[in-house]
Amino acid sequence: QVQVVESGGGLVQAGGSMGLSCAASGRTWTIYSMAWFRQAPGKQREFVAGIIWSGGTTNYADSVNDRFTISRDKAKNTVYLQMNSLKPEDTAAYFCAAALLSSPTQINSWGQGTQVTVSS
């Protein structure tokens with residue numbers, strides 16, 4: 001099993017920046033990819049950004065492309081989300097997730113979430 005724990009988050013003004021971290025533990029050698037999702041009140045959880053663990057290929061939701069950057073440090077088993085030019089509509093609980101080599105299209109592990117609030 002793989003466990004993931006987010007850190008970071010908080011309150012930021014519109015136009016500002018914030019970074020999130022997600023540390024993976026357990027059977028980390030079985031990770032295929034990691035991703036960030038978010039969920040605003042009353043809305044469904046949505047994909048934000050993802051990264052293939054081995055090769056580093058990334059992909060983003062259109063709503064955050066060119067503003068957010070996902071990266072990973074394999075030595076630290078940590079994935080990061082750098083968020084720039086934040087907008088009030090980015091306000092949400094942000095969740096880290098991991099998919100495993102054994103089932104690369106399914107999320108195996110979810111973090112507990114961290115709140116990001118962007119004030120206008």
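Start by selecting strand β4, residues 31-39. In this predicted model, is β4 enclosed or open to the outside? Colour by burial and you'll find that seven of its nine residues are buried, so the rest of the structure largely encloses β4.

Next, bring up the strands on either side of the pairing. Show β9, residues 92-100, and follow how β4 and β9 pair: they are antiparallel, with eight bridges between them. Now add β5, residues 46-52. β4 and β5 also run antiparallel, this time joined by six bridges.

Click on Ala-35 for a handy landmark. Which residue of β9 stands opposite Ala-35? That's Ala-97. Look towards β5 instead, and the residue opposite Ala-35 is Gly-50.

While you're here, trace the chain from β4 into β5. The two strands make a hairpin, with six residues between them. Pick out Gly-42 in the turn: its phi is positive, at about 80 degrees.

Now for the disulfide. How many does the structure hold? Just one. Select Cys-22 and Cys-96 as sticks, and you'll see the link between them, with the sulfurs 2.0 Å apart. It ties together distant parts of the chain, since Cys-22 sits in strand β3 and Cys-96 in strand β9, 74 residues apart. Zoom in on the S-S bond: the angle about it is -80 degrees, which makes the link left-handed. Are these two cysteines buried or exposed? Cys-22 has 0% relative accessibility, so it counts as buried. Cys-96 is also at 0%, so it counts as buried too.

Time to look at the core. Nonpolar side chains tend to be buried together in soluble globular proteins. Here, the largest nonpolar core has 30 residues. Select Met-34, Trp-36, Val-79, Leu-81, Met-83 and Tyr-94, the members with the most contacts inside this core. Then colour the strands that feed it: β1, β3, β4, β5, β7, β8, β9 and β11 each supply at least two of its residues. Which strand gives the most? It's β9, with five residues.

Finish on Met-83, one of those well-connected core residues. Ask your viewer for its contacts, and skip neighbours within four places in sequence. You should get Gly-16, Ser-17, Met-18, Leu-20, Arg-67, Phe-68, Tyr-94 and Val-116. Tyr-94 is also on the list of residues with the most contacts inside the core, so keep both selected for a last look around.

Note on methods:
Residues are numbered from 1 along each chain as its sequence is written. This is a predicted model: local features need pLDDT of at least 70, side-chain atom pairs count only at pLDDT 80 or more; totals for chains, interfaces and linings use all residues. Side-chain values use heavy atoms; hydrogens and water are left out. A nonpolar core is a set of buried Ala, Val, Leu, Ile, Met, Phe, Trp, Tyr and Cys residues joined through side-chain atoms within 4.5 Å. Buried means under 20% relative accessible area, exposed over 50%, partly exposed in between (1.4 Å probe, protein chains only). Helices (H or I, at least four residues) and strands (E, at least two) are DSSP runs, numbered from the N terminus. Contact means heavy atoms within 4.5 Å. A disulfide is a pair of cysteine sulfur atoms within 2.5 Å. Two strands pair if DSSP finds at least two bridges between them.
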